[in-house]
Amino acid sequence: MAASTTIVQYVVVRKDLLKTLKWPLGAIIAQGCHACSAAIHLFHDDPLTQQYTSDLDRMHKVVLEAKDESELVELHNELSKNSIDHKLWLEQPENVPTSIATKPYPKETVQSYFKKFKLFS
């Protein structure tokens, strides 16, 4: 792998949690954090995860928004179908899908799966 390859972790969080369901912003940020932590833990031994976490001050994340649960689950299904390692975070005890985080990947390997999503705002 070339030294100039950017390794990135994609995070997708449901926007309707904020706009429609009126969750507090901190709770929504926590959902993305949970998914990221879980993905790093699940894929800890992966060489890309090891490389990503070897320089903590230079990690790259892209945080995007899914419009609702349906769009998030659709993304989860697409990533699964294409063997893209990720974690779909289910908030407990409600068992509600709230966010997805990929394991770290070279940006060019996975960015096509996220083209239709906007930056979370």
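Mentor: A disulfide here is a pair of cysteine sulfur atoms within 2.5 Å. You are looking at a predicted model, in which local features need pLDDT of at least 70, side-chain atom pairs count only at pLDDT 80 or more, and totals for chains, interfaces and linings use all residues. Residues are numbered from 1 along each chain as its sequence is written, and side-chain values use heavy atoms, with hydrogens and water left out.

Trainee: Thanks! How many disulfides does the structure hold?

Mentor: Start with C33: its closest cysteine sulfur, in C36, is 6.5 Å away, which is too far for a bond. Looking from the other side, C36 is in no disulfide either. The number of disulfides in the structure is therefore zero, given the 2.5 Å limit.

Trainee: Of those two cysteines, is C36 buried or exposed?

Mentor: We need the cut-offs for this: buried means under 20% relative accessible area, exposed means over 50%, and partly exposed lies in between (1.4 Å probe, protein chains only). C33, at 43%, counts as partly exposed. C36 has a relative accessible area of 11%, so C36 is buried.

Trainee: On to charged pairs. How many salt bridges are there?

Mentor: The rule asks for a side-chain nitrogen of Lys or Arg within 4 Å of a carboxyl oxygen of Asp or Glu. Some of these bridges share partners, joining R14, D16 and E69 into one network. By this rule the salt bridges count up to eight.

Trainee: Which residue forms a salt bridge with E65?

Mentor: First a word on elements: helices (H or I, at least four residues) and strands (E, at least two) are DSSP runs, numbered from the N terminus. E65 belongs to strand β2, and its relative accessible area of 11% makes E65 buried. The salt-bridge partner of E65, with closest N and O atoms 3.6 Å apart, is K15.

Trainee: How many residues apart are they in sequence?

Mentor: In that bridge, E65 meets K15 at 3.6 Å. The two come from distant parts of the chain: E65 is in β2 (residues 60-66), while K15 is in the loop between β1 (7-14) and α1 (16-19), and their separation is 50 residues.

Trainee: What does the side chain of E65 reach at 3.1 Å?

Mentor: Contact means heavy atoms within 4.5 Å, and beyond four places in sequence E65 touches residues including V12, K15, F117 and S121. In one of these pairs, the E65 side chain extends to a backbone atom at 3.1 Å, namely the backbone nitrogen of S121.

Trainee: And which residue in β6 is the bridge partner of E65?

Mentor: Two strands pair if DSSP finds at least two bridges between them. β2 and β6 do so with two bridges, in the antiparallel sense. On the β6 side, E65 is matched with K118.

Trainee: How many bridges join β1 to β2?

Mentor: These two strands run parallel. One of their bridges matches V8 with H60 in β2. The bridges joining β1 to β2 number seven.

Trainee: Is K103 buried or exposed, given that it takes part in a salt bridge?

Mentor: Its partner is D85, at 3.8 Å from N to O. K103 lies in the loop between β4 (96-102) and β5 (105-106), and D85 in the loop between α4 and β3 (86-91), so the pair ties together parts 18 residues apart in sequence. D85, at 28%, is partly exposed. K103 has a relative accessibility of 6%, so K103 is buried.

Trainee: What is the distance of the K116–E74 salt bridge?

Mentor: K116 is exposed, with a relative accessible area of 52%, whereas E74 is partly exposed at 45%. Their side chains meet, N to O, at 3.1 Å.

Trainee: Last one: which element gives the most to the largest nonpolar core?

Mentor: Such a core is a set of buried Ala, Val, Leu, Ile, Met, Phe, Trp, Tyr and Cys residues joined through side-chain atoms within 4.5 Å. The largest has 20 residues, and V12 and F114 make the most contacts inside it. The elements giving two or more residues to this core are β1, α3 (47-53), β2 and α4. With four residues, the one that gives the most is β1.

How values were computed:
A polar contact is a pair of N or O atoms within 3.5 Å; within protein, one must be able to donate a hydrogen and the other to accept it, and residues adjacent in sequence count only if both atoms are side-chain atoms.
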